[in-house]
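Student: I have a new structure to read. Can you take me through the terms and show how each one is earned?
Tutor: Gladly; have a look at the model, then ask.

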Amino acid sequence: MIDLKILAIDTSGKVASVAVTDGEKLLWEKSVYTKLTHSQVILPMVKQALEETGLTYADLDCAAIAKGPGSYTGLRIGVAAVKGMCFGCESLKSAGVSTLLSLAYNCIGFEGRIISVMRARPKIVYAGEFQCKNGAVTRISADRVCSEEEVFSGEFTEKTMLVGDCAAEIKAKYFADNENVQLASYVNRLQRASSLCLAVEAQPEIMVSADRLEVSYLQATKAEKDKAHRDK
């Protein structure tokens, strides 16, 4: 693992989050559960982060963003912001991190299986499964959009942590009496930008030029669905 100065932004859900790390410590982090749109709050938060850490874009190695799944609008806002930063500073690389992987890093102190789960629509979830051991997070399954039952209907005998915006709902519905399945604390249950930094530090090879940064929706957007319907 190499020391990197990373500015991270998460706009994939209801939380707007910005963090700055230097490979050894968390320099700055702010997360706001906001009713405002991310376009109104995220760039002022980035400006505040840089001012209060005394850093400029040129001092940074990477601008990281949660690339999805998540809110279509939020993801576009975040990716556009990071692209703008990188196009404006030639030395700055970008990194797109799976929102579900980032959520798993919220629970990096846990030993066992982590399931990151976010609500896509009624009874449908975004889900990713990971293993955490000795502070290292490894992927068990690809990120997917599927029914709740696909992920949670089986027997769970392994020590498992649920994290994400519908983790509490899933715990209550499927695992209320199962002590093997735990629920991440509310302070770590939703997106945190600092977890994006941890993911990039663990896999610095995901850093790319801004023109290669893409959103991962996992399902068709409304515009794509409307177009497909018109083309029938």
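Student: What angle do helix α1 and helix α2 make where they pack?
Tutor: This is a predicted model. In it, α1 (residues 38–53) and α2 (residues 72–88) pack at about 35 degrees. Their axes lie 10 Å apart. The crossing is right-handed.

Student: How do you know which residues make that contact?
Tutor: Contact means heavy atoms within 4.5 Å. On α1 the residues are His38, Ser39, Ile42, Leu43 and Val46. On α2 they are Gly74, Ile77, Ala81 and Met85. By class, six are nonpolar, three are polar and none is charged.

Student: What makes β2 and β3 a pair?
Tutor: Two strands pair if there are at least two bridges between them. Seven bridges join β2 (residues 15–21) to β3 (residues 26–33), so the two count as paired. They run antiparallel. Val18 has Lys30 in β3 as its bridge partner, and Ala19 stands opposite Glu29. The two strands form a hairpin with four residues between them. In the turn, Gly23 has a positive phi of about 90 degrees.

Student: Why are β3 and β12 called edge strands?
Tutor: Each pairs on one side only. The open sheet has six strands, in the order β3-β2-β1-β4-β5-β12, with mixed pairing. Helices pack on this sheet too. α2 touches β1, β4 and β5, and its direction makes about 160 degrees with that of β4. α6 touches β1, β2, β3, β4, β5 and β12, at about 130 degrees to the direction of β1.

Student: Why is Leu196 called buried?
Tutor: Buried means under 20% relative accessible area. Leu196 has 0%, so Leu196 is buried. Its place is in helix α6. Leaving aside neighbours within four places in sequence, its contacts include Ala8, Ile65, Val97 and Ser102. Gly96 is 100 residues away along the chain, yet the two C-alpha atoms are separated by 8.8 Å.

Student: Which residues have the most contacts inside the largest nonpolar core?
Tutor: Ala64, Ile114 and Val200 do, in a core of 30 residues. Among the elements that each supply at least two residues are β1 (6–10), β4 (62–68) and α6 (193–202). Apart from this core lies another, of 25 residues, including Ile42, Met45, Leu55 and Ala63.

Student: What does Ile114 touch, beyond its neighbours within four places in sequence?
Tutor: Ile114 is in contact with Ala104, Cys107, Gly128, Glu129, Phe130, Cys132, Met161 and Val163.

Student: Why are Lys123 and Asn134 called exposed?
Tutor: Exposed means over 50% relative accessible area. Lys123 has 58%, so Lys123 counts as exposed. Asn134 has 67%, so Asn134 passes the cut-off as well. Lys123 lies in the loop between β6 and β7. Asn134 lies in the loop between β7 and β8 (136–139).

Student: What is the sign of phi in Lys123 and Asn134?
Tutor: Positive in each. Lys123 has a phi of about 70 degrees, and Asn134 has one near 55 degrees. Neither residue is a glycine. Most residues other than glycine have a negative phi.

Student: Which two residues does a cis peptide bond join?
Tutor: Gly68 and Pro69, with omega at about 10 degrees. Pro69 is found in the loop between β4 and α2. Most peptide bonds are trans.

Methods. Residues are numbered from 1 along each chain as its sequence is written. This is a predicted model: local features need pLDDT of at least 70, side-chain atom pairs count only at pLDDT 80 or more; totals for chains, interfaces and linings use all residues. Side-chain values use heavy atoms; hydrogens and water are left out. Axes are lines fitted to C-alpha atoms, for helices over the stretch in contact, and angles run from 0 to 180 degrees between N-to-C directions. A crossing is left-handed if the near helix is turned anticlockwise from the far one by less than a right angle, and right-handed if clockwise. Ala, Val, Leu, Ile, Met, Phe, Trp, Tyr, Cys and Pro count as nonpolar, Asp, Glu, Lys and Arg as charged, and the others, Gly among them, as polar. A nonpolar core is a set of buried Ala, Val, Leu, Ile, Met, Phe, Trp, Tyr and Cys residues joined through side-chain atoms within 4.5 Å. Buried means under 20% relative accessible area, exposed over 50%, partly exposed in between (1.4 Å probe, protein chains only).
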